[in-house]
Amino acid sequence: MANVKVLKKDFNESLKRFGYITNETKKDMMKHRYHLRPGMKRVEKSKEAAKMKALLKKKANGSNIKK
């Protein structure tokens, strides 16, 4: 568990710092939740890129149509 010392009765600053530390801990935990081999990481990354590319293309085509 993260620890933060309250100095000079600055509770709000200490609370902000504690929130930042816990957020970083959550992000790190989610990043290391499971292990993928390097080849599988590339496959997942390319799938995500293709999905985003298709989404952007769909948005671009849809916005050009005037009714």
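# Exercises on a predicted two-helix model

Arginine 17 is partly exposed, at a relative accessible area of 46%. The model used in these exercises is predicted.

**Exercise 1.** Place arginine 17 in the secondary structure, and state how far its C-alpha atom lies from that of valine 4.

Solution. Step one: arginine 17 sits in helix 1. Step two: along the chain, arginine 17 and valine 4 are 13 residues apart. Step three: in space, 7.4 Å separates their C-alpha atoms.

**Exercise 2.** Describe the secondary structure of the protein, then decide how its spread compares with a compact globule.

Solution. Step one: the protein has two helices and zero strands. Step two: its radius of gyration is 21 Å, whereas the globule rule gives 11 Å for 67 residues. Step three: the value is well over the rule, so the protein is more spread out than a compact globule. Step four: along the principal axes, the C-alpha atoms fill a box of roughly 60 × 40 × 10 Å.

**Exercise 3.** Determine whether serine 14 is buried or exposed, and list its contacts beyond four places in sequence.

Solution. Step one: serine 14 belongs to helix 1, which covers residues 11–31. Step two: the relative accessibility of serine 14 is 9%. Step three: buried means under 20%, so serine 14 counts as buried. Step four: once neighbours within four places in sequence are set aside, serine 14 contacts Val4, Lys5, Val6 and Leu7. For the whole protein, 1% of the 67 residues count as buried.

**Exercise 4.** Classify glycine 19 by accessibility and give its separation from valine 4.

Solution. Step one: glycine 19 is in helix 1. Step two: with a relative accessible area of 27%, glycine 19 is partly exposed. Step three: 15 residues separate glycine 19 from valine 4 in sequence, and the C-alpha to C-alpha distance is 10.0 Å.

**Exercise 5.** Do the like for leucine 56, with methionine 40 as its partner.

Solution. Step one: leucine 56 is part of helix 2, residues 38–64. Step two: its relative accessibility is 54%; exposed means over 50%, so leucine 56 counts as exposed. Step three: leucine 56 and methionine 40 are 16 residues apart along the chain, with 24 Å between their C-alpha atoms.

**Exercise 6.** Report the surface and the charged side chains of the protein.

Solution. Step one: the accessible surface is about 7100 Å². Step two: carbon and sulfur atoms account for 59% of that surface. Step three: there are 21 positive and 6 negative side chains. Step four: the centres of these two sets are 9 Å apart.

Terms used:
Residues are numbered from 1 along each chain as its sequence is written. This is a predicted model: local features need pLDDT of at least 70, side-chain atom pairs count only at pLDDT 80 or more; totals for chains, interfaces and linings use all residues. Side-chain values use heavy atoms; hydrogens and water are left out. Helices (H or I, at least four residues) and strands (E, at least two) are DSSP runs, numbered from the N terminus. The radius of gyration is taken over C-alpha atoms; the globule rule is 2.2 Å times the number of residues to the power 0.38. Buried means under 20% relative accessible area, exposed over 50%, partly exposed in between (1.4 Å probe, protein chains only). Accessible areas come from the Shrake-Rupley method with a 1.4 Å probe; for residues, only the protein chains shown count as cover. Lys and Arg count as positive and Asp and Glu as negative; His and the chain ends are not counted. The place of a charge is taken as NZ of Lys, CZ of Arg, CG of Asp or CD of Glu. Contact means heavy atoms within 4.5 Å.
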